[in-house]
Amino acid sequence: MTISLHSDRHAAGTELTHFWSACVGAGRAAEGLRAGWQEHLRLVREAAGFRYVRFHGLFHDDMFVYRRDSDGRPVVNFQYVDDLFDRMLDAGVRPFVEFGFSPGDLAREKATTFWWGAHGSPPTDLGQWAKLIEAITSHWIHRYGLDEVRSWYFEVWNEPNLNPFFRGSRSEYFELYAVTARTLKNVDDGLRVGGPATSNFVPDARFAGEHEDTSQHSVVTGAEDLDALEWRPVWVAEFLDFCHQQDLPVDFVSCHPYPTDWALDGHGDTQQHTRASDATTRDLRTLRALVDASPYPDAEVHLTEWNSSPSPRDHTHDHLQAATFLVKANLESIDLADSLAYWTFTDVFEEGGAGGTVFHGGFGMLTYQGVPKPAFHAYRMLNLLGDELLAQTEGAVVTRHSATGNLTALAYHYPPEVTQAPPGSFDGRRVAEDILATGRPRPLRIELTGLPPRSPVTVETLNTQQGNAIGAWQAMGAPEPPTREQTMLLREAGHAVGQRVQLADGNGRFVFDEEIAPWSVVLVRQGGETR
């Protein structure tokens, strides 16, 4: 079946918000003090237009924000945070502040998760927590100005429904949110606060009580058809009801719609389930309807973590199908969210320690060495779309840039043989490579009219031969580690998408009519400049 779309340059359009460029994730705050992290941030900011960055560990002990002296008196130190935020703002991105986890000297339990020992437990003293929130936000206002800080977002914690991240109850999280939100609004009513930052969508009652009930996982582990189940966001309805009853502000609602479920079977072993390829879009529709019907219908919706899977050792992340999936999911989710934050922009990321190889399945759209993966180009191409939507069909969109009137189209071939989101490839690359080899070529026809006669049009193609750095690495013999020279060649190969400039005909008509390989992404844009 052909992917076919036609649009005229002078056709009526609707506003298109680049919600995919609003926010992107990173691992933890201290990693942002490294040169490589900062270089990668500037690269993705320039290419993909990201406006906010969110990460864990703002209050972790390696940022030295809070400690108690020998007499038990609180001591705060914002130098490391200042250094990080200064550099982010200089790079053109703002912080999407995640308040967490507990500083060691306020933590009820220590080192509950991650290689770096995040203190995922409620603060022992909510009064001291409130003073910390007040002190750091007041400091930011003094340093950066009230208007600037009002443009940030403040999220309370990360995934408090999961035990390693929050060794407390649902009620304790709600109380933590109440204290934090009231403290922020007391500093300035214009500061934007939200939550509950929960993971994931589930089709059962495992999170219906104060703590997770893993016996409910049998709904998933025993299901014949995962996508026949009703998947719902965790705690969101209860959170909004609580905030309404307590007269608390909710400027935005956040959660993490990974298209997966890591459920325990009856023997305590984790089963990794992948849902349908349209799971993200269906989840966002569910969340949007829930918020619209709540006491907070004007709240923004921010999905502050998202990827094809929540594993930093999933080799699918390094391959082309990850890029195709994220283009598909974003284009199919237009107008459903204010952000869908890809987790993460870089493999400078240490939740499970350092990656053992150049391509180790890390979350990042750039490897530790700064080699672009296909996901980097997916976001770069999304960022090149215009701000007006002219036409859309399954597999393609045509947009217009209101400032210039120029057209940009984006198309992708997600083969129908793969009905799931890209399955994870955890024990090596075999699953990822099998999925990449799945599918047949598909005709793509994009017709653009109303262009200036004989005007240039640039066509870019992302596929297994172009912009696919892991393929270039394998062609080298998979050197581990690559030499400096090989690393430079991999960076060049990672950036090298196929580009060609063609001309519209004498009537201002341009037609792209070719078969494209499975998992390909094609960008067609008015103009002759190459990148």
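Two strands pair if DSSP finds at least two bridges between them. Keep that in mind as you explore this predicted model.

**Stop 1: strand S15 and its partners**

Select residues 300–306, which form strand S15. Six of its seven residues are buried, so the strand is largely enclosed by the rest of the structure. Now add residues 339–342, strand S16: S15 and S16 pair in the parallel sense, over three bridges. To see where they meet, show Leu-303, which stands opposite Leu-340 in S16. Next, follow the chain from S15 through helix H9 (residues 320–332) to S16; this β-α-β crossover is right-handed.

S15 also has a partner in strand S12, residues 252–256. Four bridges join these two strands, which run parallel. Here the residue to show is Cys-255, which stands opposite Leu-303 in S15.

**Stop 2: helix H1**

Move to residues 35–48, the 14 residues of helix H1. From its first C-alpha to its last, H1 reaches 20 Å, close to the 20 Å expected at 1.5 Å a residue. Which residues of H1 are buried? Select Trp-37, Gln-38, His-40, Leu-41, Val-44, Ala-47 and Ala-48 to see them. An α-helix has 3.6 residues a turn, so residues three or four places apart point the same way.

What covers the buried residues of H1? The cover includes strand S3 (23–28), strand S4 (52–56), helix H2 (79–90) and helix H10 (374–383). Just after the helix, click on Gly-49, which follows H1 and has a positive phi, near 75°.

**Stop 3: the nonpolar cores**

Now select Phe-85, Phe-99 and Trp-140, the residues with the most contacts inside the largest nonpolar core, which has 122 residues. Zoom in on Phe-85: leaving aside residues up to four places away in sequence, Phe-85 touches Phe-55, Leu-58, Pro-95, Val-97, Trp-140, Tyr-144 and Trp-152. Apart from this core lies another, of 21 residues, among them Ile-446, Leu-451, Val-457 and Ile-516.

**Stop 4: a sheet of three strands**

Finish with an open sheet of three strands in the order S1-S20-S23, with mixed pairing. Its edge strands are S1 (3–8) and S23 (510–516), each pairing on one side only. From one strand to the next, the twist averages 5°.

Colour S1 together with S20 (residues 442–449): these strands pair in the parallel sense over six bridges. For a last close-up, show Ser-7 and its bridge partner in S20, Leu-448.

Definitions and conventions: Residues are numbered from 1 along each chain as its sequence is written. This is a predicted model: local features need pLDDT of at least 70, side-chain atom pairs count only at pLDDT 80 or more; totals for chains, interfaces and linings use all residues. Side-chain values use heavy atoms; hydrogens and water are left out. The expected span of a helix is 1.5 Å times one less than its number of residues. Buried means under 20% relative accessible area, exposed over 50%, partly exposed in between (1.4 Å probe, protein chains only). Contact means heavy atoms within 4.5 Å. A nonpolar core is a set of buried Ala, Val, Leu, Ile, Met, Phe, Trp, Tyr and Cys residues joined through side-chain atoms within 4.5 Å. A crossover is right-handed if, with the strands pointing away from the viewer, the path from the first strand over the helix to the second runs clockwise. Axes are lines fitted to C-alpha atoms, for helices over the stretch in contact, and angles run from 0 to 180 degrees between N-to-C directions.
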